[in-house]
Amino acid sequence: MAAVNSQMLPLGTVAPEFVLEATEGHMVSLSAVAEGHKAVLVMFICNHCPFVKHVAAELAQLGRDAQDLGAAVFAINSNDAEAYPQDGLAAMVAEKRQRGYSFPYLFDSTQTVAKAYQAACTPDFFVFGADRRLVYRGQLDDSRPGNDISVTGKDVRQALEAAVRGAPPQQTQRPSIGCNIKWKPGNAPAYFG
């Protein structure tokens, strides 16, 4: 399990727009779904990563809770599905159903959205305020596979609650850590290494 830290996109960055295919077979855009919401949560996840599997139940609950708070929630899989077929769209359909995700699970087949967000690992989390400016990027919480710390989602939950209230972002933001995004050959961005 090779661990990679998130890149920590600069706070205040405007949420990059996207239009991606959802597991249900239709296209989903950030602007259409996020319109009128108090906050936006964008998560880069995948099906096979041990770090994502470790927090998957919390992601499902976090998604429901965030939507109840008035946030729009998206999960995006940017992995190379040719090299990692377990992360292809068909497998994503089964994963969404199995995990009980209530939010759109989207496939970034060109990996351009991951690059726009400077996503580097799975999971990687981004919280934007009502003005679509970045207020949080980093870890879900302190739990990691094998460290015996309970998965609570506290860091992202605190960021979402503050964003919904219009409060300033939390001062301490720690990078997420997880498996690297599986880039297509020759497609890895410069920030990746």
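User: Helices (H or I, at least four residues) and strands (E, at least two) are DSSP runs, numbered from the N terminus. So what phi does G166 take, just after α5?

Analyst: G166 has a positive phi of about 80°. This is a predicted model: local features need pLDDT of at least 70, side-chain atom pairs 80 or more, while totals for chains, interfaces and linings use all residues. Residues are numbered from 1 along each chain as its sequence is written, and side-chain values use heavy atoms, without hydrogens or water.

User: Okay, and which residues of α5 are buried?

Analyst: D155, V156, R157, A159, L160, A162, A163 and V164 are buried (under 20% relative accessible area, with a 1.4 Å probe and protein chains only).

User: What covers them?

Analyst: The cover over the buried residues of α5 includes the strands β4 (39–44), β5, β8 (124–129) and β9 (134–138), along with helix α2 (50–69).

User: How are the strands ordered in the sheet?

Analyst: It is an open sheet of 7 strands, running β3-β2-β6-β5-β4-β8-β9 with mixed pairing (strands pair if DSSP finds at least two bridges). At the edges are β3 (27–29) and β9, each with a single partner strand, so one side of each has no neighbour in the sheet.

User: How many bridges join β4 to β5?

Analyst: There are 6, and these two strands run parallel. One residue to look up is F44, whose bridge partner in β5 is I76.

User: New topic! Where does N79 lie, and is N79 buried or exposed?

Analyst: You'll find N79 in the loop between β5 (71–77) and α3 (89–99). N79 is buried, because its relative accessible area is 2%.

User: What does N79 touch?

Analyst: Leaving out residues up to four places away in sequence, N79 is in contact (heavy atoms within 4.5 Å) with C46, H48, D87, F107, Q111, N180, I181 and K182.

Key
Buried means under 20% relative accessible area, exposed over 50%, partly exposed in between (1.4 Å probe, protein chains only).
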